[in-house]
Amino acid sequence: MSSIISVSNLVKKYKNVIAVDDITFTVERGEVFAFLGPNGAGKTTTIKVLTTLLFPTSGQVAINGYNPTTQQDLVRKSFGIVFQDPSLDDELTAWENLDFHGVLYGMDKATRHKRMNDLLEIVQLSDKKKLLVKTFSGGMKRRLEIARGLIHHPLIYFLDEPTIGLDPQTRNQIWNYIIALNKMEGTTVFFTTHYLEEAERYSHRLAIIDHGKIVACGDLAYLKDLTQSEHLEEAFLKLTGHEIREESAGTGDNIRMRLRARR
Amino acid sequence: MKTIYILWIRQIIRFWRSKPRLFGSLGQPLLFLLAFGFGFGPVFAQAGRGNYLSFLAPGVICQTIIFTSIFSGIEIIWDRQFGFLKETLVAPVSRLSIMAGRTLGGSTVAVFQGVIAFCLSLLVGFCPVNWWTVPLAFLIMIMTSLLFTAVGTAIASVMSDFHGFQIIMNLLVMPLYFLSGALFPLDNLPPVMKTITRLNPLTYCVDGLRGVLLGAGVFSLGFDLLVIFSVLMFFLFLGSYLFSKIQI
């Protein structure tokens, strides 16, 4: 059985900066895969290449067997995504946001409406579907985005920092949905996070990326063994030389979180 | 087709929900018609040029359209800033259909506002010489709105944040409007002004509309339409090209 995501020798350069430097990894069908690294390590760039938003400088990428550069639409139909920053239309209702997505993905009315109702039920927003998204809290918006990304039955679900800036209860709740969907529909989950305990608890396998290179890839036991560590936190520190949140306390994330809080 | 439709309807819904925009859009043309129309009317009449309000009305209709349509095009910056653009760009649809839907949506809103401005001008005393020419005026309004929505899209595709927005308004939209003959007659202008107004595509939109509604165009209708159509094609291609190059 072929891997659902396979990346080999991927390089992405921006002018003179090498954001992703010769990385190779695979993700298997149905897996929950954590992609960890400090800020600026190349996580988001990698996701953008995998999701057709950026073209690779060199290397091979296959998503569900398709090439993101030459078979964009086939790749796009294969995945759903929750971006790091919110991407809802605040002036539309929750229902309209979902419907818009369903139409863009070419689903007929009956199919998409049934799916939308089911997903709204799962993320517990059924009673809020007629409200404008701008009246939603941060956690509600995230839940809606998570539902939206799944409308077209994607095989792969990309989640870039799905829980950033949310309180612990909401984070827990969101992960319960994600794991339930992974179990129910066999959706492959590929996520990044700054919360190592989330990666520890929910992922089957992890990759740690630093300065554009993958420094380790395997399951939790393997990473702990490799670094002689008790916890992922310790392993991460030994592999990258710094804590995951060291740099995240810096400008980028703070501003993003503040922006999100204001919306 | 469904992609184009859903993007079009989104623009309409957003416009319809934003009531301040709806009412704000009535205020500006009304102010221009009243202040300029009645303010300069006597001077204009003394100079033997006839009724200024009638002369001004097509200019104010064009003003409403150009402001609204450039603004609609530029809304892409908002979508980019608030992340919604990404949602459309990772969907399995072509950039061209996204651009088409947005442009049609922006243009529909602008024409709608133009029609409101037209009705307002009727209320304050404007009257077309021939009612059967109104559909032709409608056509010119549609072309004008498509043209400037495409201009807005082209600009927004190369701007990544709001900072340039004010500059665009002051250095592009305002000059386009004030130097288009919307407010003053095009004949007997100093040579520099004459050249500038003739290079301004909006001049031909205003002139076309004036020609159709009042029979008082400087250029022939055919020439006006030809210029508008050519510039429209150019900006549709430029806008589509720049939009297809957007990277997130």
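Two strands pair if DSSP finds at least two bridges between them. Strands (E, at least two residues) and helices (H or I, at least four) are DSSP runs, numbered from the N terminus.

The model is predicted: local features need pLDDT of at least 70, side-chain atom pairs count only at pLDDT 80 or more, and totals for chains, interfaces and linings use all residues. Residues are numbered from 1 along each chain as its sequence is written, and chains are lettered from A and ligands numbered from 1 in the order in which they are written.

**Exercise 1.** Describe the hairpin of S1(A) and S2(A).

Solution. Step 1: strand S1 (residues 5-14) and strand S2 (residues 17-27) of chain A pair in the antiparallel sense, over eight bridges. Step 2: one bridge joins A:Val11 to A:Asp21 in S2(A). Step 3: two residues lie between the strands, and A:Lys15 takes a positive phi near 45°.

**Exercise 2.** Give the strand order of the open sheet of six strands in chain A, and explain what is special about strands S5 and S9.

Solution. Step 1: the order is S5-S6-S7-S3-S8-S9, with mixed pairing. Step 2: strand S5 (79-82) and strand S9 (213-218) of chain A stand at the edges; each has a single partner strand, so one side of each is left without a neighbour in the sheet. Step 3: from one strand to the next the twist averages 15° (axes are lines fitted to C-alpha atoms, for helices over the stretch in contact, and angles run from 0 to 180 degrees between N-to-C directions). Step 4: within this order, strand S6 (residues 156-160) and strand S7 (residues 188-192) of chain A pair in the parallel sense over five bridges. A:Leu159 has A:Phe191 in S7(A) as its bridge partner.

**Exercise 3.** Is A:Glu185 buried, partly exposed or exposed?

Solution. Step 1: A:Glu185 belongs to helix H6 (residues 168-185) of chain A. Step 2: a residue is buried if 20 or more other C-beta atoms lie within 10 Å of its own, exposed if 12 or fewer, and partly exposed in between, with C-beta atoms placed from the backbone. Step 3: A:Glu185 has 14 other C-beta atoms within 10 Å and is therefore partly exposed.

**Exercise 4.** How many residues of chain A are in contact with chain B, and which elements give two or more of them?

Solution. Step 1: two residues are in contact if their C-beta atoms, placed from the backbone, lie within 7 Å. Step 2: 21 residues of chain A are in contact with 20 residues of chain B. Step 3: helix H2 (72-78) and helix H3 (94-104) of chain A each give two or more residues to the side that touches chain B.
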